[in-house]
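User: Got a minute to walk through this model with me? I'd like to start with how the helices pack.
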Amino acid sequence: MPRLQLPGGLLIVLLAGSGCTAGRAHAPRHESTSDSYEARLERARLSLRGPEHEATRSDLEALAHEVEAQLKKSPRDARLHAVLARTAFLLHQEEKALAEAERSLALEPNQAEPHFIKAFILGSGDAVEAALADARRATELDARQARYWQLLGTLYLQLDKPTEAREAIDKTLALEPDNAQALFVLGLLHMEQGKPDEALAAYEQARKSEPEFAMAHYNAGQLHQLRGDAAAALERFQKAAELEPQDWRTRAKLVQLHQALGHKEQRDAEREALLLLRQAGKVDKDYFIREQFSEAGRNVMVVENFELEGDWARRYEFQVYAPDQERPSFVISLGSYSFATTFAREKDPNGPRLFHLDGYHPDNAHDTYGFFQGEPSYDETREMVLSVLRGELKPMSSTKPGKP
């Protein structure tokens, strides 16, 4: 069974509830003096992502000063420490929130919210196992809070316990059917079970529930792409790119989908945007997947290397897969090898770089289909590769293992 362990960034977003309150009606910011601290904090939680988020932060900072003043008079008041913990938590002051939650629990262990805060902060770091006990305790003390169950389910998911994760997520959705993060986790669980249709439905519901939830758009786009619905996939990835313009993987997806739909101008514009992200240090790979398509009963994945580096530099690698195979059965590359360029420049020192189209087989056999003065465009290269796959372009030379 594949592991469901999440990247740290994804876990933090799920725990944080990215976008989970956007679009909800927020309460008026002004309250009477009779309002409880808890009511003020709940209103702040619901409005932090709304248009009054800056004013809400100011209110929270004022509340923190007010509670701190109260604690000077009553330093052993567990409830006041809990209020201060939650205030710091909403202000993203994690160290202070954790310290106050622990002080509160030391005075009164049976409080759900401090356990939740502890579990959230520990789980957002690398102490997921430690977080689990506090997350469980929060749900035991108050089973009516959907966010407690969502946190528990997300932690179980991180610990590769899909059965327990599903139970917690089901309880989340029973309390909040439109909880976007819970729906997203449900999609991940469906994928782990080999149920892409159910996963897509969950991702679609998540993105509709929270239109600002970029990962829900991205994952829905991936499944539409796998189903061959390029138009729907393009729409989802365009929204993801709008929400997260610095995410290079989304840009790569847009290159693929514009290619599939024949939008060459848009394809090239997205590729340029991807190259700019790389120049800005936003890309953590030396390559990207330029295209995926099928030809002559085989699947083809195209890798484009950003730079021509080394003595055996390749720009494109068309990796050809037989159906249901995990390793390529054939690789066709557009390369520019140092020895070939050096040989060509012995005749013309000022000549362009020499490129060549080669085929590589699993048994180390090697075919050469042509040489080019200067780099062919992607579209020119692609047409030659299609001709090779169709048997129309024959090699001009071949080398077999053990043969001259």
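Analyst: Sure. Bear in mind that this is a predicted model. Start with helix α8 (residues 146-158) and helix α10 (residues 180-192): their axes are 10 Å apart, and they pack at an angle of about 30°. That makes α8 roughly parallel to α10, since angles under 35 degrees count as roughly parallel.

User: Is the crossing of α8 and α10 left-handed or right-handed?
Analyst: Left-handed.

User: Which residues of α8 and α10 meet?
Analyst: From α8, Gln150, Thr154 and Leu157. From α10, they meet Gln181, Ala182, Val185, Leu188 and Leu189. By class, the residues of this contact between α8 and α10 are five nonpolar, three polar and no charged.

User: OK, next pair. At what angle do α10 and α12 pack?
Analyst: About 30°, with the axes of α10 and helix α12 (residues 214-226) 10 Å apart. That makes α10 roughly parallel to α12. The crossing of α10 and α12 is left-handed.

User: And what makes the contact there?
Analyst: α10 brings Phe184, Leu188 and Met191. α12 brings Met215, Ala216, Asn219 and Leu223. Six residues in the contact of α10 with α12 are nonpolar, one is polar and none is charged.

User: Switching to the interior. Which residues touch the most other members of the largest nonpolar core?
Analyst: Phe116 and Ile117, in a core of 46 residues. α10 gives this core its largest share, eight residues.

User: What is phenylalanine 116 in contact with, leaving aside its neighbours within four places in sequence?
Analyst: Phe89, Ala138, Arg147, Tyr148 and Leu151.

User: What lies apart from that largest core?
Analyst: Another core, of 21 residues. Ala313, Tyr378, Val385 and Leu389 are among them.

User: Why would nonpolar side chains be buried together at all?
Analyst: It's a general tendency in soluble globular proteins.

User: Zooming out. How many helices and strands does the protein chain have?
Analyst: 17 helices and seven strands.

User: How much of the protein chain is buried?
Analyst: Of its 404 residues, 48% are buried.

User: Last one. Take contacts between residues at least 6 apart in sequence: what share joins residues at least 24 apart?
Analyst: In the protein chain, 50% of those contacts do.

Definitions and conventions. Residues numbered from 1 in each chain as written. Predicted model: local features only at pLDDT ≥ 70, side-chain atom pairs only at ≥ 80, totals over all residues. Heavy atoms only, no water. Axes fitted to C-alpha atoms, helices over the stretch in contact; angles between N-to-C directions. Helix = DSSP H or I, 4+ residues; strand = E, 2+ residues; numbered from the N terminus. Parallel < 35°, antiparallel > 145°, perpendicular 65-115°, else oblique. Left-handed = near helix turned anticlockwise from the far one by under 90°. Contact = heavy atoms within 4.5 Å. Nonpolar A, V, L, I, M, F, W, Y, C, P; charged D, E, K, R; others polar. Core = buried A, V, L, I, M, F, W, Y, C linked by side-chain atoms within 4.5 Å. Buried < 20%, exposed > 50% of the residue type's maximum accessible area, 1.4 Å probe, protein only.
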